[in-house]
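Visitor: I would like to learn how to read a protein model feature by feature. Could you walk me through this one?

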Amino acid sequence: QLKKLADLPSPSTLIVYGRRRIGKTELLEQAFRNRHILKFEGVEGAEEQQQRNFVMRQLSIYANEPLLKKIEPESWLDVFDAIYRYVASGCWTLYFEEVQWLANYQDDFVNQLKVAWDNQFKKNPELIVILCGSSPSFMIKQVVHSKAFYNRSQYELHLQELSVQEAKKLLTHRSNREVMDAYLTLGGVPEYLKRLKPYSSVFTGICDQSFLANSYFTTEYKRIFVSSMADGSHYKEIIEHLSQRRFATREQIAKSLGASLGGRLSACVEEL
């Protein structure tokens with residue numbers, strides 16, 4: 001699908017989303033490796049002005065123009081205007097990574113990108129603009145379903161976990177039982193499964209990566225909630241509540257959290 005997109009004789013936009021560590025960046029960089037790529041990545045926890053400043057610093061490095069990093073753009077339109085000078089012609093991929101952080105979970109980024117697309121970016125028939133994020137909720141509600149991008153996003157890709165068969169190809173020289181143990185424990189997340197490859201057994205790898213001090217999965221738990229669930233405390237509290245029991249009703253969850261039933265709590269439960 002991505003190869004067909006790269007070969008289109010017209011400008012395109014691509015929205016890609018999926019949970020953290022699912023392989024979005026690797027897939028996109030490999031699929032479009034024969035094109036010129038300008039990649040701008042959002043910074044976790046930074047304010048919107050800081051995000052714009054950081055994009056300008058990245059652009060200054062790409063363009064080898066040190067003065068660009070001294071500019072503090074007042075809006076995203078100013079940022080897109082600066083970027084357009086470099087992608088106005090030629091086979092370019094303009095790649096925005098972790099859009100939820102770039103946008104600071106607000107609408108301005110997407111709304112102003114729509115203006116830049118209509119007036120500038122779409123003039124280059126070889127340009128692909130990619131919006132990629134690891135917060136599915138934000139990407140669906142504020143990008144995919146955004147009125148600003150209605151009829152402007154030709155492609156949408158929800159990248160999901162590997163199947164059991166694909167996991168077996170990744171975990172070479174493992175028995176079916178070990179592959180199933182790994183899959184039931186870690187799911188089909190490529191980055192997680194790769195962590196087990198150096199070990200003599202799947203069981204040993206899971207134990208080392210989960211229970212040794214400062215091991216990979218001891219910190220990944222917190223990172224998932226930061227990147228995928230924004231700063232909503234209820235998500236983490238709900239998961240911790242459910243981890244202590246086999247099941248719970250909404251009323252029981254609300255009582256445990258000291259929260260009112262409905263509203264934001266109901267939305268959190270439905271998203272989880």
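Visitor: Where is Tyr105 found?

Guide: Tyr105 sits in the loop between helix H5 (99-102) and helix H6 (108-119). Helices are DSSP runs of H or I with at least four residues, strands are runs of E with at least two, and both are numbered from the N terminus. Before we go on, please note that this is a predicted model, where local features need pLDDT of at least 70, side-chain atom pairs count only at pLDDT 80 or more, and totals for chains, interfaces and linings use all residues. Residues are numbered from 1 along each chain as its sequence is written, and side-chain values use heavy atoms, with hydrogens and water left out.

Visitor: What is the phi of Tyr105?

Guide: Tyr105 has a positive phi of about 60 degrees, although Tyr105 is not a glycine. Arg21 is another residue to look at: its phi is near 70 degrees, a positive value in a residue other than glycine. Arg21 has its place in the loop between E1 and H2.

Visitor: How do I read accessibility, and does Tyr105 count as buried or partly exposed?

Guide: Buried means under 20% relative accessible area, exposed means over 50%, and partly exposed is in between, using a 1.4 Å probe and protein chains only. Tyr105 has a relative accessible area of 25%, so this residue is partly exposed. Arg21, at 29% relative accessibility, therefore counts as partly exposed too.

Visitor: Which residues does Phe138 touch?

Guide: For touching, the rule is that contact means heavy atoms within 4.5 Å. Not counting residues up to four places away in sequence, Phe138 touches Val99, Gln100, Ala103, Tyr105, Gln106 and Val143, so our loop residue Tyr105 appears in that list. Phe138 itself is found in helix H7 (residues 136-144). Its relative accessible area is 2%, so Phe138 is buried. You can also compare sequence with space: Phe138 and Ala103 are 35 residues apart in sequence and 9.9 Å apart in space, C-alpha to C-alpha.

Visitor: Which residues does Phe217 touch?

Guide: Leaving out residues up to four places away in sequence, Phe217 touches Leu186, Tyr192, Gln209 and Ser210. Look for Phe217 in helix H12 (residues 216-228). With a relative accessible area of 15%, Phe217 is buried. Phe217 and Tyr192 are 25 residues apart in sequence, and their C-alpha atoms are 8.7 Å apart in space.

Visitor: What is Leu27 in contact with?

Guide: Setting aside neighbours within four places in sequence, Leu27 is in contact with Leu2, Leu157 and Leu159. Leu27 lies in helix H2 (residues 24-31) and, at 32% relative accessibility, counts as partly exposed. Leu27 and Leu159 are 132 residues apart in sequence and 9.5 Å apart in space, C-alpha to C-alpha.

Visitor: How do I describe two packed helices?

Guide: Two packed helices are described by the angle between their axes and the distance between the axes. Here, the axes are lines fitted to C-alpha atoms, for helices over the stretch in contact, and angles run from 0 to 180 degrees between N-to-C directions. Take helix H3 (residues 48-63) and helix H4 (residues 76-87): their axes come within 10 Å and cross at roughly 10 degrees. H3 and H4 are therefore roughly parallel to each other. Angles under 35 degrees count as roughly parallel, over 145 as roughly antiparallel, 65 to 115 as roughly perpendicular and the rest as oblique.

Visitor: Which residues of H3 and H4 meet?

Guide: On the H3 side you have Glu48, Gln51, Arg52, Val55, Met56, Leu59 and Ala63, which meet Trp76, Val79, Ala82, Ile83 and Tyr86 in H4. Arg52 is a good one to click on: at 8% relative accessibility, Arg52 counts as buried. Apart from residues up to four places away in sequence, Arg52 touches Pro73, Glu74, Ser75, Trp76 and Val79.

Visitor: And for the whole protein, how many helices and strands are there?

Guide: There are 15 helices and 5 strands. Of the 272 residues, 43% count as buried. Among contacts with a separation of 6 or more, residues 24 or more positions apart account for 68%.
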